[in-house]
Amino acid sequence: MTDTKRRVEACLRPEVAALKAYAVPNAAGMIKLDAMENPFAWPGELPAPLVNEWLAALRAAELNRYPDPQAAALKERLRETLGIPRDAGILLGNGSDELIQIALLALAKPGASVLAPTPTFVMYEILATAVGMRFIGVPLTADFHLDLPRMLETIAHERPAVIFLAYPNNPTGNLFDVQAIEAIVRAASGLVIIDEAYAVFAEESFLPRLREFGQVLVMRTVSKQGLAGLRLGLLAGDPLWLEQFDKLRLPYNVNTLTQVSVEFALRHNDALLEQASQIRAERERVFAALAAVPGVRVWPSRANFILFRLSRAAGGVFAALKRRGVLIKNLDHAHPMLEGCLRVTVGKPAENDAFLAALAAALNE
Ligand SMILES: *Cc1c(COP(=O)(O)O)cnc(C)c1O
């Protein structure tokens, strides 16, 4: 045992040893509002004819064969459904997390850096570190807007190989100012990845503008809109980037069941869009309810989650919610700017009511 420990320590890259594993808490039996999942069960809450149609598609899949390495049918469906311009390339990943990893692997020249405004999605930093790139976080303003002068200054000084802009941003939920993004894109020395994981909730996108900017790739995922279990993300943009990244993609990274299921789901995209619209309406209701709670500061959201700050110990309130069977996300120690902050995913009306009731009870403890 001790011998193995010594051996691991001797072999392991120090930056990997310094990483903390991405922690996913056990949510068994809880009202789960921690991970921006869609609350509508798939296939549990699909209409029976759709379940049958989906199962028929799965039955026709040949699982003894390798998947279509180019996922041609699925790409065509995505292009049509999302309105990806004809001349833009598409690269598919096993979730958008994998696409971040592929892009960084391709750009990790010695000394190359990754820049993002912070706080933001943690995988940019985790994966930058994993591939040996330097991560540069530029703090957002106190209200979580882009600090444009500081962004531009840092871009000029550091010349990062890639800039990540989550649009809307996670965990703050807001859309950054379009003109500020344009200024960053113009100033960028390398690639800019606009991460639109929450596009169906924001109803704003840079996808239609891809032709204007050869230095921009737009990233999407089906995770937050209802299919997190399938793991499918995409990067769209100039094929000159994507052809190179494609060399690092493992040949069969998007499995057959995912290709068939997402293709099926997109043929019935109306149902998913209808769910997104219900979630947007619930988001506004939960926002108003939170804003009315004394001692709570809440930020408007364009995603399917809401960030709020408590004037008293957030860790204790998070734990009290958990005791009452409601799991949300504690961000209290995630970043200095998130002190006292918790993040709740918007669920179904009854789940949101349970959260609001549990919060009221926890604050009265
Ligand atoms: C959740 C999230 C992702 C991860 O998406 P997957 O496709 O599930 O890997 C990417 N970017 C942001 C900003 C997210 O919040």
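In this predicted model, Arg280 is buried, with a relative accessible area of 18%, because burial is assigned to values under 20%. The side chain of Arg280 meets that of Glu203 in a salt bridge, with an N to O distance of 3.3 Å. Arg280 belongs to helix α13 (residues 269-291) and Glu203 to the loop between α9 (199-202) and β7 (216-221), so the pair ties together parts that are 77 residues apart in sequence. In contrast to its buried partner, Glu203 has a relative accessibility of 53% and therefore counts as exposed.

Side chains of opposite charge can pair when their charged atoms come close. In the present model the count of salt bridges comes to 25. One of these is formed by Glu158 and Arg134, whose closest N and O atoms are 3.1 Å apart. Since Glu158 lies in helix α7 (residues 148-158) and Arg134 in strand β4 (residues 134-139), this pair ties together parts that are 24 residues apart in sequence. Both residues fall in the partly exposed class: Glu158 has a relative accessibility of 26%, and Arg134 has a relative accessible area of 41%.

A further salt bridge joins Arg323 to Glu365, with 3.4 Å between the closest N and O atoms. Arg323 is part of helix α14 (residues 314-323), whereas Glu365 is in the segment after α15 (349-363), so the bridge connects parts that are 42 residues apart in sequence. Arg323 and Glu365 are both exposed. In addition to such pairs, a network of salt bridges links Glu53, Arg77, Glu263 and Arg267.

The ligand is surrounded by 13 residues, of which Asp195, Tyr198, Thr221, Ser223 and Lys224 are the closest. By residue class, this shell contains four nonpolar, five polar and four charged members. Two helices, α5 (96-107) and α10 (223-227), each supply at least two residues of the shell. Oxygen atoms of the ligand take part in several polar contacts. A backbone N or O atom of Ser96 lies 2.7 Å from a ligand oxygen, and an N or O atom in the side chain of Asn170 is 2.8 Å from an oxygen atom of the ligand. Arg231 likewise places a polar side-chain atom 2.7 Å from a ligand oxygen. On its own the ligand has 390 Å² of accessible area, 94% of which is covered by the protein.

Asn170, whose side chain contacts the ligand, is also joined to Pro171 by a cis peptide bond, with omega about 15 degrees. Pro171 is located in the loop between β5 (162-166) and α8 (178-187). Another cis peptide bond, with omega about 5 degrees, joins Trp42 and Pro43. Pro43 is placed in the loop between β1 and α3.

The loop between β1 (31-32) and α3 (48-59) also contains Leu33. With a relative accessibility of 1%, Leu33 counts as buried. The C-alpha atoms of Leu33 and Thr345 are 4.6 Å apart in space, although the two residues are separated by 312 residues in sequence.

Positive phi angles occur at Phe144 and Arg159, neither of which is a glycine. For Phe144 the angle is about 70 degrees, and the residue is located in the loop between β4 and α7. Phe144 counts as buried because its relative accessibility is 1%. Arg159 has a phi of about 45 degrees and is found in the loop between α7 and β5. Unlike the buried Phe144, Arg159 is exposed, with a relative accessible area of 58%.

On the surface, Val8, Leu12, Val16 and Leu19 form a nonpolar patch, whose members together have about 270 Å² of accessible area. Within this patch, Leu12 occupies the loop between α1 (2-11) and α2 (14-17). The relative accessibility of Leu12 is 37%, so this residue counts as partly exposed.

Definitions and conventions: Residues are numbered from 1 along each chain as its sequence is written. This is a predicted model: local features need pLDDT of at least 70, side-chain atom pairs count only at pLDDT 80 or more; totals for chains, interfaces and linings use all residues. Side-chain values use heavy atoms; hydrogens and water are left out. A residue is near a molecule or strand if one of its heavy atoms lies within 4 Å of it. A polar contact is a pair of N or O atoms within 3.5 Å; within protein, one must be able to donate a hydrogen and the other to accept it, and residues adjacent in sequence count only if both atoms are side-chain atoms. Accessible areas come from the Shrake-Rupley method with a 1.4 Å probe; for residues, only the protein chains shown count as cover. Helices (H or I, at least four residues) and strands (E, at least two) are DSSP runs, numbered from the N terminus. Ala, Val, Leu, Ile, Met, Phe, Trp, Tyr, Cys and Pro count as nonpolar, Asp, Glu, Lys and Arg as charged, and the others, Gly among them, as polar. Patches are made of residues with over 30% relative accessible area and no salt bridge: like charges are joined within 9 Å, nonpolar side chains (Val, Leu, Ile, Met, Phe, Trp, Tyr) within 5 Å. A salt bridge is a side-chain nitrogen of Lys or Arg within 4 Å of a carboxyl oxygen of Asp or Glu. Buried means under 20% relative accessible area, exposed over 50%, partly exposed in between (1.4 Å probe, protein chains only).
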